[in-house]
Every structure is written in structure tokens, then in C-alpha cells.
Amino acid sequence: MGKRFIWAAVALLGLGWGLRAAETVPAAELQPGDTLRVLAIGNSFSMDAVEQNLHELGAADGVVLIVGDMYIGGCSLERHYNNARGDIADYEYCKVFADGSKVRRPKTTLAYALADEPWDCVSFQQVSQESGRYDSFLPYLPELMKYVRARVPAGAKFYWHQTWAYEGGVVHDGFANYDRSQSKMYNAIMEASERVCREYGLTVIPSGTAIQNLRGTAVGNDNVTRDGFHLNNTVGRYTAACTWYEALTGRNVLGNRYTVAYISPEQVPAAQSAAHEAVRKPFARTDLGIARPEANYDESRIPPYTLPDPLTFADGKKVLTPEQWMARRRPELLKLFETEMYGKAPGRPEKLHFKLLKRNDNAFGGKAVLKEVGIYFTDNESQYIRLLVLTPKAAKGPVPAFLGINFMGNHAISTNEEITMIGRDEYARFGRYEEYPRGENARRWPVEMILDRGYGLATFFRSDIDPDWDDSFVNGVHRLFYKNGKLHPEDDEWGTVAAWAWGLSRALDYLETDADVDGTKVAVLGHSRLGKAALWAGATDPRFAMVVSNCSGCGGAAISRRAVGETVRVINNSFPHWFCGNFKKYNDNEGFLPFDQHELLALIAPRPLCVASATQDAWADPAGEKLAADEARKVYDFLGAGDRVQYHTREGGHDIVAYDWNYYLDFADRFVR
Ligand code: GCU
């Protein structure tokens with residue numbers, strides 16, 4: 001208690017000294033109307049933390065923050081020190097003025113920035129990979145502090161910006177310093193930052209702990225960075241700014257009304273409390289108690305609900321004829337799904353083009369023709385689909401084919417070394433390094449069985465379209481299509497699931513041109529999250545001749561209103577990037593959805609549709625998937641195609657195995673061949 005009081009008093013004095021004479025010294029904290037001038041001497045980690053959101057948090061709270069960031073990518077204390085000594089103009093100086101406007105000044109020296117404002121606060125930090133190694137701070141930090149001290153107002157207060165640990169699996173050689181372990185890195189940063197603050201009288205800005213606090217919650221687990229180490233533009237950067245705000249101003253950030261776009265409603269309070277608790281306890285994680293709500297699996301506890309009737313128009317009139325369904329009701333429903341759930345995608349790009357990257361007419365021991373095709377969306381060829389196309393060599397003409405996205409890369413669907421292995425360099429284009437060994441996912445792709453049955457198989461890696469984490473859409477295809485300087489999709493624009501579905505349509509664009517494939521007989525298939533994408537692709541693109549949903553669950557074939565297993569709220573918080581911004585309105589509010597998932601299935605009618613569950617896959621709500629298929633069948637019946645929607649369950653868990661494929665192949669034999 002007493003200790004904390006002294007610490008607070010010292011902190012306040014520091015702030016007080018920093019203020020210009022004309023302003024009143026804050027009593028307990030900064031007061032509305034006060035101005036605080038903050039300079040970070042940093043790198044990309046200070047850029048993440050202070051260049052956006054920090055000023056705005058102040059503006060929403062009546063406090064003016066003038067912020068400077070002395071930025072050099074990957075800059076270490078040693079380099080800052082050398083820059084100071086040599087007066088080297090190497091910095092990009094980002095300055096946020098009192099009115100919130102921002103200017104970047106290239107080729108700036110430390111001396112220039114230090115003289116630019118009567119700074120109240122100056123922060124120091126180490127390059128991230130060395131931030132858990134105290135020895136690397138010396139002798140540079142104290143020397144740098146002396147240099148700065150001589151150039152700022154006497155009362156200026158010095159801070160240590162505690163940086164955050166990387167995510168597991170990140171591409172960063174420096175991660176080896178911590179045996180590639182996030183918790184090791186975090187612990188090392190804690191030890192080093194605590195010690196440096198103690199020994200040099202610095203006050204900590206605990207961004208590292210705030211991020212770690214957030215990571216421990218249901219809304220932050222894998223959702224804070226854009227590439228494994230830099231914070232994403234949504235909740236990641238917001239959390240760091242909240243931490244700076246409270247650490248610098250002493251003002252409670254909880255309830256601050258400033259928020260950022262495309263962030264889920266539960267992430268805002270989570271980010272604020274992650275920051276708030278970190279300022280209270282800077283060197284150890286706090287459990288914020290934001291756990292996933294317990295899932296319900298008990299049929300008797302399902303809240304009462306009424307399923308919307310697909311055969312009734314939004315205005316209450318009945319759909320009377322198949323023509324009315326096709327011409328009016330189907331488009332009406334499709335539009336609702338598009339704006340409220342999956343988000344609008346851009347359509348077929350004008351500059352779409354293909355390149356044959358590899359061809360082997362004698363692959364799989366003479367069984368297959370193997371092609372790898374690059375599918376490019378614009379002139380920017382850095383983002384593309386590498387589509388693997390396998391067709392039976394024995395075929396006499398174009399074959400029907402299955403198209404599906406894979407989780408781990410094309411090389412993971414088979415142990416066959418003829419398929420190009422995604423190398424380290426190739427992975428770099430996905431923004432994060434996740435290495436999957438060859439053949440890792442082969443169990444799910446019975447390639448030879450598919451070929452033997454006379455079908456082709458086409459597949460691509462999900463990250464080709466959009467890497468699967470909440471990077472605030474800085475990697476992936478979204479950035480190719482932003483208009484008017486936008487940096488993220490609007491609330492009714494495509495999330496990741498819609499982007500994957502869009503990618504499936506682009507793959508079909510190619511398959512229509514492949515002489516070995518019958519483009520009118522392509523079945524789109526997907527498991528789990530990729531099953532959600534397959535369903536949306538089938539709904540939006542009537543060229544798909546058949547659709548397969550394997551264990552697609554919540555946001556796929558399962559009825560949302562049942563809220564069994566995974567719910568809308570849970571999926572939106574665990575995977576904020578999957579569905580569009582508008583979908584977040586339905587967290588714990590499924591009854592207000594203007595549709596339910598049986599109507600998504602109905603959008604595929606009368607084309608053949610297989611919905612499959614596994615008995616132990618309770619998370620995906622098998623009974624809810626069956627119900628959706630049964631309800632969709634009413635539309636199929638209405639269109640005279642009742643036998644074209646099929647439901648099956650397999651004994652076992654969340655997976656797609658040869659048993660399932662066999663079933664899909666049989667189904668395709670009946671309706672597509
Ligand atoms: C998670 C998620 C599901 C998803 C699944 C998968 O379990 O909650 O919605 O279907 O991952 O893609 O395997």
C-alpha cells in the first residue's frame with residue numbers, strides 16, 4: 001500500500017515538473033485541458049504503440065497529447081547511442097500535433113527532435129529481439145539518457161517502453177534468443193525491464209504485459225499481431241496505446257470512448273482492462289477473467305427460437321413459384337447474408353490472369369497429370385493462388401473435379417515430392433512463418449482414391465488468399481482492393497471466410513480454362529472453417545455444380561439460433577476476421593439475425609449439396625447441421641430437387657477422412673458425373 005503510494009507520488013511529481021509553467025500541475029493525474037508532450041525513441045514497436053490511437057485516446061478524454069516517435073525500423077539502443085554521438089540524421093520523425101494532425105519528417109537527428117518541443121516524457125526501448133537481455137542495454141542506455149537529459153526540460157520524466165513477446169511460429173531469427181518460446185521471451189522481458197527501471201530510475205510503460213494480459217483472454221488469444229510480432233491495427237495497437245495513455249497520464253483508460261474500426265465490441269473493454277491491469281502490475285500477467293463462456297450442449301437448455309422461413313419474403317409475402325424463388329427471394333436472402341454476415345467481395349477482377357508454374361504429365365507414378373497454376377488478381381503479383389491441379393492421366397477427356405482449400409499448403413496434402421514444397425521464402429509472403437511438413441495433412445486428402453474414381457482434384461493453401469489470423473487485413477488479398485485510402489474493409493465488406501470463397505471462385509475461373517477439367521462439373525468442398533468458405537462459395541457462385549460442407553459448424557451449416565457448442569459471440573471473438581463487421585451485432589443476439597444457416601444451404605438449391613457431421617464433433621453442433629439440411633430440403637422440394645440435399649454423420653471426431661470422401665464421390669457419381 002505505502003510503497004504504491006510513494007511510487008504514485010513520485011510519478012506525479014515527475015509529470016508535474018514536466019508541465020510548462022503556464023499550466024497547472026495535476027493533482028492526482030492529468031486533468032482535462034492539460035497538455036502532455038511525449039517523445040518515444042524507438043523503432044517499429046514504438047510506431048505500433050504511439051503513432052496512432054494515443055493522441056485520440058487523450059482527445060476522447062479531454063487531454064491533449066503531443067506525440068513524437070523517433071523511428072528507425074529494428075533500431076537497437078546501440079544504434080540510438082551511435083546516432084546521438086554522431087548526430088546522424090537517420091530517423092523518420094513522426095509527430096502528432098495538438099490538433100491530431102500527423103507529419104513524418106525523414107532524415108532527422110535526435111538533437112532536432114529533442115529540441116522540437118519541451119518534452120514532458122521521453123521513452124527508451126531496446127530492439128525487440130534483445131529486449132529480454134539486460135546486458136544488451138549496456139553501456140548504451142545510460143549514455144543515451146545523459147545525452148537526452150542535457151536536451152530536455154529539467155523535469156522531463158524518463159520511461160522504459162517494455163515491448164511484447166512474439167507469437168509462436170514467427171519468422172524472426174531473433175526469436176531463437178528465447179528458444180522460440182513466447183513465454184520464455186515474455187519472462188525474459190519482464191526480468192530485464194524490471195531491472196532496468198530499478199537501476200536507472202525509469203518508469204515502465206508495460207505494453208508487453210498488456211499484450212500478454214490480452215493474449216490470455218478469449219478475445220485476444222491469437223488476435224494481436226499482424227505478422228507474429230508487430231501489433232495489428234485493430235486490437236493490438238489499440239491495447240498498446242491504452243497502456244501508454246494510462247501509464248503517462250495517470251488517467252484511467254477503462255471506459256474511454258475512443259475506439260478503432262473493425263474491432264469486436266468485446267475487444268474494446270478487454271484491451272482497456274489489459275492495459276489498465278498492466279499499469280497496476282507491470283511485470284507479471286494478470287488474468288482478466290475474460291474466458292470463453294461455457295458452451296451449451298444440452299438440448300433442454302436451448303433458448304426458444306423460431307426459424308425464419310426461407311419461402312417467405314422479407315415483406316411477409318409467400319414465395320409462390322420456383323421462378324419467384326430464383327428471381328427474387330434468393331437474391332434478397334443472398335444480399336442479407338452478404339451485408340450482415342460474410343461481407344461483400346469485389347467480384348472477378350479485370351486483371352485476373354493465370355500462369356502455368358509447373359507441369360508433370362507423369363505424376364503420382366504415372367497416374368496423374370500434375371499442374372501448378374499461379375492465379376494473379378491484379379498487376380501486383382506478390383499475392384497469388386498457387387493452385388495444384390491433379391487429373392487422372394487415363395482420362396479420355398475433361399473430368400469432373402473437386403476443388404477445396406487446404407489448411408497447411410499444397411505440399412502437406414500428400415507425401416509425394418512432385419508437389420512444390422512451400423519454402424521459407426515463399427512463406428514470407430504470408431506475413432508469418434508457419435511451417436508445415438510435407439504430407440502433414442495427407443490423411444485428409446485421399447488423392448489416389450479420387451483419381452482412381454475418375455475425378456480431378458484442385459486445391460490451394462488458405463494463406464494464398466488470406467492468412468488465418470486477425471492481422472487487421474494487412475496481409476492477404478484485401479489490401480489489393482482498398483479504395484479511397486482505406487486500410488480495412490467496411491463493416492459490410494468481406495472478412496476472411498468471404499475472401500476464401502472469393503478465392504475458390506477465382507480458382508474456378510481458372511479451371512474453366514483447363515482442358516483436362518470439365519468446368520461445368522466442379523464440386524466445391526471444405527472442412528470446418530474451410531467448409532464455411534465452401535458453402536459461401538456455393539451460395540455466391542452458381543457455377544459450382546455441387547457443394548460439400550464437412551463439419552462446417554457455426555457460421556457454416558449449423559443453425560445459429562440453437563447456440564449449441566460454438567456460438568456467434570464465441571466465433572466473433574475468437575476469429576474477429578472471419579465474418580464482416582456487421583456480424584458482430586449478433587453476438588448473444590442470434591434472434592435478430594434476418595436469416596439462419598438453413599437459408600444459406602437453401603441458396604445452393606437445386607444444386608447437389610452434401611452436409612456432413614461427425615458424432616463427436618459437438619462443438620460444430622451436428623444436430624444443428626442436420627436441422628439446417630432438413631429445413632433447406634423444403635426449398636429443394638419446392639424446386640423439385642428434394643433428393644439433392646443429403647446429410648450424413650460419421651462416427652468419430654472433427655475431421656475429413658477417406659470415409660467422407662467416399663461418400664462425396666458416390667454422391668457426385670449420382671448427380672454430377
Ligand atoms: C475452431 C473454430 C471452428 C472451426 C474450426 C476449424 O474450432 O471454433 O469454427 O470450424 O476451428 O476450422 O477447424
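Q: What makes the shell around the ligand divide into nonpolar, polar and charged residues?
A: The shell in this predicted model has five nonpolar, two polar and three charged residues, because Ala, Val, Leu, Ile, Met, Phe, Trp, Tyr, Cys and Pro count as nonpolar, Asp, Glu, Lys and Arg as charged, and the others, Gly among them, as polar. Residues are numbered from 1 along each chain as its sequence is written, and side-chain values use heavy atoms, without hydrogens and water. Local features need pLDDT of at least 70 and side-chain atom pairs pLDDT 80 or more, while totals for chains, interfaces and linings use all residues of the predicted model.

Q: Which residues are around the ligand?
A: Among them are F407, S528, W578 and H654; a residue is near a molecule if one of its heavy atoms lies within 4 Å of it.

Q: Why is the pair of R529 and the ligand called a polar contact?
A: A polar contact is a pair of N or O atoms within 3.5 Å (within protein, one must be able to donate a hydrogen and the other to accept it, and residues adjacent in sequence count only if both atoms are side-chain atoms). An oxygen atom of the ligand is 2.4 Å from an N or O atom in the side chain of R529, so the pair fits the definition.

Q: Why is the pair of R569 and E266 called a salt bridge?
A: The term asks for a side-chain nitrogen of Lys or Arg within 4 Å of a carboxyl oxygen of Asp or Glu; the N to O distance between R569 and E266 is 3.6 Å, and therefore the pair meets the rule.
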